[in-house]
Amino acid sequence: KKKFEDQTPSLFSKELNERLHDQDIKEDKRCLLVSGILIALKNKAFARSFKDHNTTKLLFNNMIASIVAELEPRFDYSDTVKRSFEWMKSHKGLNSDRNFIVNLIDEINIYFNGFLETYDYFDFISKFYVEFFRYASNAKSLGIVLTPPHIAELFNDLAQTNRDSVILDNCCGTGSFLVSGLRYMIKKSDGNKSKERKIKENQVYGIEKEQDMFVLALCNMKIHGDGRSNI
């Protein structure tokens, strides 16, 4: 059997989804957990120390603090971010086995850090959603509609997105359209680092009403290097 880091994103997502299901983590929380881990791992102190915490309580407190510190939204939504991750501290499955969460963080660190170095704008959060909710009979009742990546790309083609475009998605969900638009504009900036920075900081805007989706959009944009999210 291949090592997990050699698996395709689809297979890794599927197996990870099954493991989280076995821990009784509901569909609408699985993507938050994975996204939160990825954001927390951007914090060098957390990445060095997550294996050293003796209890899950200390681990999750540190993880949530690291997520808030790393996201740093332009507008102060730190309390909103905290609320979306507080459930981890009281979840029975996550807190009953410290080794499970430590190993999960370690595997995600190894797999996705290597993968994102090759595919900078791979919209993996939406891919996780597709994978997780494929098995969820109640996905429709949760009110989540996922935009396939090829549809997001099509709209950028139709809109003729370029390096000087300003993108606004007033119902951005997890940020699929924003990530796609960011990729288009960066690609058309011809390697001009000053222009890329301006695009990331001033040319991408999103609005989302639902709290957890809003936080996922912040995570998605942060992972894709948007600067400081205008969401």
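**Helix packing and buried positions in the predicted model**

In the predicted model, S78 belongs to helix α5. With a relative accessible area of 22%, S78 is partly exposed, since the range for that class begins where the buried class, under 20%, ends. The C-alpha atom of S78 is separated by 6.0 Å from that of V68, a residue ten positions away along the chain. V68 is among the buried residues of α4.

The protein as a whole contains twelve helices and two strands. From the N terminus, the order of these elements is α-α-α-α-α-α-α-α-α-β-α-α-β-α. The protein has 231 residues, of which 49% count as buried. An area of about 11,900 Å² is exposed, and carbon and sulfur atoms account for 50% of that area. When contacts are restricted to residues at least 6 apart in sequence, 75% of them join residues at least 24 apart.

Helix α5 also packs against helix α12. The axes of the two helices come within 9 Å and cross at roughly 105°. This angle falls between 65 and 115 degrees, and α5 is therefore roughly perpendicular to α12. On the α5 side, the residues that take part are T80, V81, R83, S84 and F85. Their counterparts in α12 are Q211, D212, F214, V215, L218 and C219.

One of these α12 residues, D212, was examined further. D212 lies in helix α12 and counts as buried because its relative accessibility is 14%. Apart from neighbours within four places in sequence, D212 contacts K29, L32 and S84. K29 is 183 residues from D212 in sequence, yet the two C-alpha atoms are 8.8 Å apart in space.

The largest nonpolar core comprises 53 residues, among which L33, M63, F85, M88, L94, I101 and L104 touch the most other members. Two or more residues of this core are contributed by each of α1 (9-22), α2 (27-40), α4 (56-71), α5 (78-85), α7 (98-118), α10 and α12 (211-223). Such an arrangement may be set beside a general tendency: in soluble globular proteins, nonpolar side chains tend to be buried together. The surroundings of L94 illustrate the packing in detail. With neighbours within four places in sequence left aside, L94 is in contact with Q23, I25, L33, T56, F60, W87, M88, F100 and I101. Of these partners, L33, M88 and I101 are themselves among the core residues that touch the most other members.

Two of the contributing helices were considered individually. Helix α4 has 16 residues, and the distance of 22 Å from its first C-alpha to its last is close to the 22 Å expected at 1.5 Å a residue. The buried residues of α4 are T56, L59, F60, M63, I64, S66, I67, V68, E70 and L71. Directly after α4, residue E72 adopts a positive phi of about 40°.

Helix α10 covers residues 176-187. For its twelve residues, a rise of 1.5 Å a residue predicts a span of 16 Å, which agrees with the 17 Å that separates the end C-alpha atoms. Nine of the twelve residues are buried, so α10 is largely enclosed by the rest of the structure. The buried positions are S176, L178, V179, S180, G181, L182, Y184, M185 and I186.

Helix α7 provides a further buried polar position. N109 is found in this helix and is buried, because its relative accessible area of 19% is under the 20% limit. The C-alpha atom of N109 is 8.6 Å from that of A47, although the two residues are 62 apart in sequence.

Positive phi values also occur in loops. Most residues other than glycine have a negative phi. Q160, in the loop between α9 (149-159) and β1 (167-169), has a positive phi near 55°. D190, in the loop between α10 and α11 (193-202), likewise has a positive phi near 55°. Relative accessibility is 62% for Q160, which therefore counts as exposed. D190 also counts as exposed, because its relative accessibility is 67%.

Technical notes:
Residues numbered from 1 in each chain as written. Predicted model: local features only at pLDDT ≥ 70, side-chain atom pairs only at ≥ 80, totals over all residues. Heavy atoms only, no water. Helix = DSSP H or I, 4+ residues; strand = E, 2+ residues; numbered from the N terminus. Expected span 1.5 Å × (residues − 1). Buried < 20%, exposed > 50% of the residue type's maximum accessible area, 1.4 Å probe, protein only. Contact = heavy atoms within 4.5 Å. Areas by Shrake-Rupley, 256 points an atom, 1.4 Å probe, with all protein chains shown as cover. Core = buried A, V, L, I, M, F, W, Y, C linked by side-chain atoms within 4.5 Å. Axes fitted to C-alpha atoms, helices over the stretch in contact; angles between N-to-C directions. Parallel < 35°, antiparallel > 145°, perpendicular 65-115°, else oblique.
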